[in-house]
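Let's take a look at a protein and pick out two spots to study. Have the sequence and the 3D view open as you read.

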Amino acid sequence: MTYTLAIETSCDDTSVALIKDKTTILSNLVSSQQKTHEIYGGVVPEVASRLHAETIHSLLELSLKEAQLSLNQLSHIAVTIGPGLEGCLLVGISVAKSLSYALDIPLIPVNHIHGHIYAFTQYQESLQYPALALIVSGGHTDLILMENEGSFKCCGKTRDDAAGEVFDKVSRCLSLGYPGGPIIEKTAEKGNSESFKLPIAMKDSPFEFSFSGLKTATLDCIKSLDNPHNHIADICASFQKTVIDTLLLKTLAACDYYNIQDLIIGGGVASNQSLMNAFKNRIHDTSLNLIHIKPDLCTDNAAMIGLAATHLGNIYQLNKDELLVQSTFSYEH
Ligand code: KG4
Ligand code: ZN
């Protein structure tokens, strides 16, 4: 039996998880900094790293308690080393390194995006290749092609804003709050998605995304209205539909082109029910298998980091002494 302790501090959630063997999650605690950052309308990196430092030790204790384990039973330590905010990553890496030295057990450095992808192991044991992952969050809108185990090729990504980032910015502009995604989704339920015509960018670049034009068009649309507050639900519904249509168009084009068998959709924006329903409806009469990561494993959490470590540990380089923050870590090994 092996026990892997996983730590994730790449952005604004401090998280510690314990994984038994390869796939059993014994605990997965997340301490959200949302209340602090919502005052500023977005994540303040310096504040985020201080909060990680204040929280991580008690979260570690609680996570061990929930899993009914003690430190000396651990076999591996897994930690996110990038991509992410440098100061934030450094907090998790420092704790992970110290534990690994003190307990004399291996340290497994994990790519955050691999973590989002390997949450799939909670739904099926292995992938049918070629597989594709659409990772949509506050920092990423990436299409990652996997031709076999341990091979990751980025075949499309956003040229500017990430999809979640645009949800957050539009929400801020409408004074709805932070994070914008869940609030816009709720508000959109009462709106008509055909009310406003908003643009899908880069239609000629099949797998590339761009959301900053949509953000500007939405903000222009809000400014052009005499009383935008009477149209909030319609604006949210039209904006959300355009994001969904963009993600569908590009992702399904990539699935076709690469003859994809398994499609994984993860990252915070994948908690959006309308997005997932749109994908389910579009692929239900095709041979594509959709792996939808459920909300608790979609938003940032340490269990997904532990799962990437237990499945990919053999391909990660292990060298504690040289282990540094890799804030712009690429997917490819
Ligand atoms: O994966 P995540 O927790 O952190 C990052 O790595 O960024 O994603 C957070 C992002 C935020 O931008 C948030 O607005 C968005 O995911 N989000 C959503 C929903 N829930 C969270 N976007 C659309 N609909 C949602 N229901
Ligand atoms: Zn993430």
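Here we go through a metal site and then some ring pairs, keeping in mind that this is a predicted model.

**The zinc site**

Start with the zinc ion (ligand 2): its protein donors are His112 (NE2), His116 (NE2) and Asp300 (OD), lying 2.1 Å from it. Along the chain, these donors follow the spacing H-x3-H-x183-D. That pattern brings in distant parts of the chain: His116 sits in helix 4 (residues 112–118), while Asp300 is in the loop between helix 10 (295–298) and helix 11 (302–312), 184 residues apart. Both His116 and Asp300 are buried.

What about the geometry? The 4 donor atoms around the zinc ion (ligand 2) subtend angles of 92 to 146°, so the arrangement counts as irregular. To be tetrahedral, four donors would need all angles between 85 and 135 degrees.

**The aromatic rings**

Now for the rings: the structure holds 6 aromatic pairs. In one of them, Phe207 and Tyr258 have ring centres 5.8 Å apart and planes at 45°, so this pair is tilted. Because Phe207 and Tyr258 lie in two separate loops, the pair ties together parts that are 51 residues apart in sequence. Here are the two partners side by side:

| Residue | Loop | Relative accessibility | Class |
|---|---|---|---|
| Phe207 | between helix 6 (180–188) and helix 7 (212–224) | 12% | buried |
| Tyr258 | between helix 8 (232–257) and strand 9 (262–266) | 24% | partly exposed |

Phe207 and Tyr258 also have company, as they form one aromatic cluster with Tyr257.

Methods. Residues are numbered from 1 along each chain as its sequence is written. Chains are lettered from A and ligands numbered from 1 in the order in which they are written. This is a predicted model: local features need pLDDT of at least 70, side-chain atom pairs count only at pLDDT 80 or more; totals for chains, interfaces and linings use all residues. Side-chain values use heavy atoms; hydrogens and water are left out. Rings of Phe, Tyr and Trp (its six-membered ring) pair if their centres lie within 6.5 Å; planes under 30 degrees apart count as stacked, over 60 as edge-to-face and the rest as tilted. Helices (H or I, at least four residues) and strands (E, at least two) are DSSP runs, numbered from the N terminus. Buried means under 20% relative accessible area, exposed over 50%, partly exposed in between (1.4 Å probe, protein chains only). Donors are N, O and S atoms within 2.8 Å of the metal (3.2 Å for Na, K and Ca); water is not among the atoms, so sites may look incomplete. Four donors count as tetrahedral if all angles lie between 85 and 135 degrees; four count as square planar and six as octahedral if opposite donors are over 155 degrees apart and all others between 65 and 115; anything else is irregular.
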